[in-house]
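Me: I'm new to reading protein structures, and I'd like a close look at just one part of this one. Could you walk me through the sheet and what packs around it?

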Amino acid sequence: MYNVVTPGPTKVKENVFKARSLECTNPDLDVEFVEQYKKLCLRISKLLNTTNETLILGGEGILGLEAACASLTEEGDRVLVIDNGIFGAGFADFVSMYGGTPVLYTKDYNQTIDVNELASFLEKDSNFKYATLVHGDTPSGMLNDAAAICKLLKSKGIMTVVDAVSTMFGDKLDVSDIDILCGGSQKVISAPPGLTINVLSDDAKAAINGRKSPIKAFYANLKTFFNYYEEKWFPYTMPISDINGLDVAISNLENDPDTYARHEKVASAVRTAITEAGLEIYVKSGFANTVTAFVVPSETTAKDILDTLKSDHNILMAGSFGVFGGKLIRIGHMGTNANKDIILEVMDALDKTLTKLGVPLKASLKEVFDQNC
Ligand SMILES: *Cc1c(COP(=O)(O)O)cnc(C)c1O
């Protein structure tokens, strides 16, 4: 088994594995499961500091993004797609797929969204049913100020959908102005992939309930969950073992009040180490505390770095994809991996790997990381 430091899926703790192997009841018929599900949803909302309703869907993080778009979009709706990263741009496909018209607001992929610039744009055109944006765009390590952006959008009467799959519980976020917040089990939460989290505001529910046309999806239809508690009925058999695992992973977070501070500390030390070693962090502003992407140095290739980390150090790290394919290496320091000892080992392996591949380092990543963490 590799030491996995990818930006999700992350390392899963033993108590989560154990919970997933418990004997199962029938989640369709046993009302105790409905109670457990409801309580878990309430606990997630509480951890996010909101009274908005959490729903947990059986399906990987992408399902949450699709469900948000499927449930909100009606034929011809204009949707503002805020695009400064690969996941940011990706929302346009979901909007079109469900009959909407995506209007892309495309900005540099190495800069965080400038809220004032967006405000000027909205002065000219704010006729959108909702807007999509990404809190942490994982392929580049970009962090957007989703709270400020959503506040602005809401002030213009635009609903907001935020992909916080890779940042939820790692980068602090005020969710007050977010109508549908999307999270996933396999990032900071450190449970295996398989569950998506959607947190809905009253405005989002009212918009979904008030649709003129039916939602063109079943599995990605959030409305089918709206009365699950009253009716003690789910639209499909819930993946109870996944939910049992998530339940314990959420307890791990509840028992860990320092999670945000630890992500900040580890991430900031990683950034200092990368910079002092003479490597280049890809983003110039907006640094996610869950993942750091650095530019592949000219002396080597992404493949050689990743292969050497695997063969010499048993470490599974990630490159990137799409426009960043072959260009960036990503160190995932989220969830269980937001940990000094783990990342210290990774920095040591990177020192040795880059040196072996002929990349001159101005400082030892391991030493600088150690001094700063
Ligand atoms: C991981 C992630 C998702 C879920 O997508 P997968 O690529 O299927 O893991 C969605 N959004 C963001 C920002 C993510 O980091």
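**A look at the sheet**

Reply: Happy to! Keep in mind that this is a predicted model. A good place to begin is a pair of strands: β3 (residues 78-83) and β5 (residues 130-134) run parallel to each other and are joined over three bridges. Within that pair, L80 sits opposite A131 of β5. As a general point, strands of a sheet pair through backbone hydrogen bonds, in either a parallel or an antiparallel way.

Now step back to the whole sheet. It is open and has seven strands, in the order β2-β10-β9-β8-β5-β3-β4, and the pairing is mixed. The edges belong to β2 (53-58) and β4 (101-106); each has a single partner strand, so one side of each is left without a neighbour in the sheet. Going from one strand to the next, the twist averages 20°.

Next, the helices. Helix α4 (residues 86-97) lies across β3, β4, β5 and β8 (159-163), and runs at about 160° to β3. Helix α6 (residues 146-155) lies across β3, β5 and β8, and its angle to β8 is about 160°.

Finally, have a look at the nonpolar cores. The largest has 84 residues, and Y37 and L181 touch the most other members. Helix α3 (residues 61-72) gives the most to this core, with seven residues. Leaving aside residues up to four places away in sequence, Y37 touches L55, I56, F225, Y228, F234, M238 and I243. There is also a second, separate core of 38 residues, with A269, L309, I343 and A349 among them.

Technical notes. Residues numbered from 1 in each chain as written. Predicted model: local features only at pLDDT ≥ 70, side-chain atom pairs only at ≥ 80, totals over all residues. Heavy atoms only, no water. Pairing = 2+ DSSP bridges. Helix = DSSP H or I, 4+ residues; strand = E, 2+ residues; numbered from the N terminus. Axes fitted to C-alpha atoms, helices over the stretch in contact; angles between N-to-C directions. Contact = heavy atoms within 4.5 Å. Core = buried A, V, L, I, M, F, W, Y, C linked by side-chain atoms within 4.5 Å. Buried < 20%, exposed > 50% of the residue type's maximum accessible area, 1.4 Å probe, protein only.
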